[in-house]
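Take a look at the protein below. This report walks through its aromatic side chains and one polar residue.

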Amino acid sequence: MKKYSSMFVAILLVAGIFSSCKKENAAPKSKDYAASINDKSWWGVFTYTGETSQYYTVHFNSDNTLIWSQLSGDYAGQWVITENKIAFTVAGINLNIKAEISNDDNFVNISDNLSTLEINNGKLLTAANVDLERTVWKGTGLAAGGTSSIIQISFLAGFKAEIKLNNTAYPPFSYQTSASGKAFRIYTGGGYQYFGVLISANEIKGSATVSQFPFQLSKQ
């Protein structure tokens with residue numbers, strides 16, 4: 001009787017080990033790439049031929065529409081995804097983009113239809129929306145001619161922003177946030193403006209219209 005009991009226990013152990021091995025060797029579940037796009041915002045850098053690189057954000061709405069935001073304005077568009085391949089169009093600037101989404105939520109193998117523009121990269125924005133009102137940000141930027149400037153932006157109540165370049169302070173200008181809340185644009189008049197992307201709760205990267213100079217700010 002003890003002999004049969006020992007055999008029964010042994011069979012159970014072998015079955016358990018086999019079952020465990022099957023679970024370990026099972027193929028991983030395919031990533032839901034659409035979850036990285038649907039109702040999410042992405043950001044990245046693009047370059048017009050012969051110009052300094054600029055920043056952009058794109059918010060993919062759940063109805064397959066999108067809003068592309070850059071220094072020059074906001075533009076509507078459409079998107080579609082098949083497995084890890086996404087294609088989207090941006091009306092107004094006649095831009096068509098194709099890319100693959102990597103497992104760590106980056107755009108890879110990017111191509112577009114414009115010979116004068118190159119999309120350098122793209123990445124999912126994971127930070128929560130930041131309330132800019134009554135916050136101060138400071139950092140550096142590369143101004144026209146390649147000279148470095150110290151930049152400070154103070155966001156005031158009523159969608160006003162005060163800019164200080166080096167030791168020169170300017171009166172408050174109006175600003176607006178993007179539809180996703182991940183970017184902002186400050187209008188300083190005469191076609192001059194700032195566009196910034198909220199990379200995290202403590203970091204902003206952006207571009208301004210003097211030679212599209214880039215800037216980077218930290219929350220104070």
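The text goes from the whole chain to single residues.

**Overall picture**

This is a predicted model. The protein has 220 residues, and 40% of them count as buried. Its secondary structure comes to one helix and 18 strands. The accessible surface is about 12,100 Å². Carbon and sulfur atoms hold 54% of that surface. Now consider contacts between residues at least 6 apart in sequence: 37% of these join residues at least 24 apart.

**Aromatic pairs**

How many aromatic pairs does a search of the whole structure find? The search gives 15. Two of them are set out here.

| Pair | Geometry | Centre to centre | Angle between planes |
|---|---|---|---|
| F60 and F88 | edge-to-face | 5.4 Å | 80° |
| F159 and Y175 | tilted | 5.4 Å | 50° |

Start with F60 and F88, which form an edge-to-face pair. F60 sits in strand 2, residues 54-60. F88 sits in strand 5, residues 85-90. The two are 28 residues apart in sequence, so their pair ties together separate parts of the chain. Are these residues buried or exposed? F60 has 0% relative accessibility, so F60 counts as buried. F88 is buried too, at 2%.

Next come F159 and Y175, a tilted pair. This pair links distant parts of the chain, 16 residues apart. F159 lies in the loop between strand 11 (148-156) and strand 12 (160-165). Y175 belongs to strand 14, residues 173-177. Here the two partners fall into separate classes of exposure. F159 is partly exposed, with a relative accessible area of 46%. Y175 counts as buried, because its relative accessibility is 7% and the cut-off for buried is under 20%.

**An aromatic cluster**

Which residues join F60 and F88 in one aromatic cluster? They are W42, F46, Y48, Y56, W68, W79 and F107.

**A polar residue and its contacts**

Q70 lies in strand 3, residues 65-70. At 1% relative accessibility, Q70 counts as buried. What does its side chain contact? The side chain of Q70 makes a polar contact with the side chain of W68, at 2.8 Å. W68 is also one of the residues in the aromatic cluster.

Leave aside residues up to four places away in sequence. Q70 then touches F46, Y48, Y55, Y75, I93, R185 and F195. Among them, F46 and Y48 are members of the aromatic cluster.

Note on methods
Residues numbered from 1 in each chain as written. Predicted model: local features only at pLDDT ≥ 70, side-chain atom pairs only at ≥ 80, totals over all residues. Heavy atoms only, no water. Phe/Tyr/Trp six-rings, centres within 6.5 Å; stacked < 30°, edge-to-face > 60°. Helix = DSSP H or I, 4+ residues; strand = E, 2+ residues; numbered from the N terminus. Buried < 20%, exposed > 50% of the residue type's maximum accessible area, 1.4 Å probe, protein only. Polar contact = N/O pair within 3.5 Å; in protein donor to acceptor, adjacent residues only side chain to side chain. Contact = heavy atoms within 4.5 Å. Areas by Shrake-Rupley, 256 points an atom, 1.4 Å probe, with all protein chains shown as cover.
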